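Student: Could you take me through how the helices, strands and cores of a model like this one are read?

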Amino acid sequence: MLPKPGIYYLPWEVGAGHVPDGGTLRTFGRLCLYDMTQSRVTLRAQHGSDQHQVLVCTRLVEPFQAQVGSLYMVLGELEHQKDGGFLVKARVLTCVEGMNLPLLEKAIQEQRLYLQERDNSQ
């Protein structure tokens with residue numbers, strides 16, 4: 001049985017707790033830190049004047065060429081930590097440098113609207 005495809009969540013939604021524990025998600029951010037010893041990456045995204053961080057476990061996708069400052073997209077499962085934080089266990093971590101972020105955000109919103117309208121009509 002294949003895992004779920006992953007719902008797009010914006011990084012600030014992940015940080016706000018909108019993703020259920022164990023939920024499959026897709027999100028993005030700029031790689032600002034790679035800790036090889038703990039197999040963890042920190043992704044950051046700007047939303048308005050706020051910076052949002054997403055912590056990603058990279059054990060299943062290593063080895064990979066970490067490019068600090070580049071834009072990455074992650075697909076994985078969210079796990080809530082004992083300290084109140086969260087960790088995305090990456091199944092896929094891809095560099096998408098050059099992607100148009102405002103256009104991606106608009107596409108995510110349009111997809112949500114379409115799915116909501118489709119579900120309401122059924």
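Student: How does the span of helix α2 (residues 101-121) agree with its number of residues?

Tutor: The expected span of a helix is 1.5 Å times one less than its number of residues, so the 21 residues of α2 should span 30 Å, and its end C-alpha atoms are indeed 30 Å apart. Helices (H or I, at least four residues) and strands (E, at least two) are DSSP runs, numbered from the N terminus. This is a predicted model, in which local features need pLDDT of at least 70 and side-chain atom pairs count only at pLDDT 80 or more, while totals for chains, interfaces and linings use all residues. Residues are numbered from 1 along each chain as its sequence is written, and side-chain values use heavy atoms, leaving out hydrogens and water.

Student: Which strands pair with β2, and in which sense?

Tutor: Two strands pair if DSSP finds at least two bridges between them. Strand β1 (residues 7-8) pairs with β2 in the parallel sense over 2 bridges, with Y8 opposite R26. The pairing of β2 with β5 is antiparallel over 7 bridges, and G29 has Y72 as its bridge partner there. With β3, β2 pairs in the antiparallel sense over 5 bridges, D35 being the bridge partner of R40.

Student: Which residues of the largest nonpolar core touch the most other members?

Tutor: A nonpolar core is a set of buried (under 20% relative accessible area, 1.4 Å probe, protein chains only) Ala, Val, Leu, Ile, Met, Phe, Trp, Tyr and Cys residues joined through side-chain atoms within 4.5 Å. Of the 18 residues in the largest one, L43 and V56 touch the most other members, and β6 (86-95) supplies the largest share, 4 residues.

Methods:
Buried means under 20% relative accessible area, exposed over 50%, partly exposed in between (1.4 Å probe, protein chains only).
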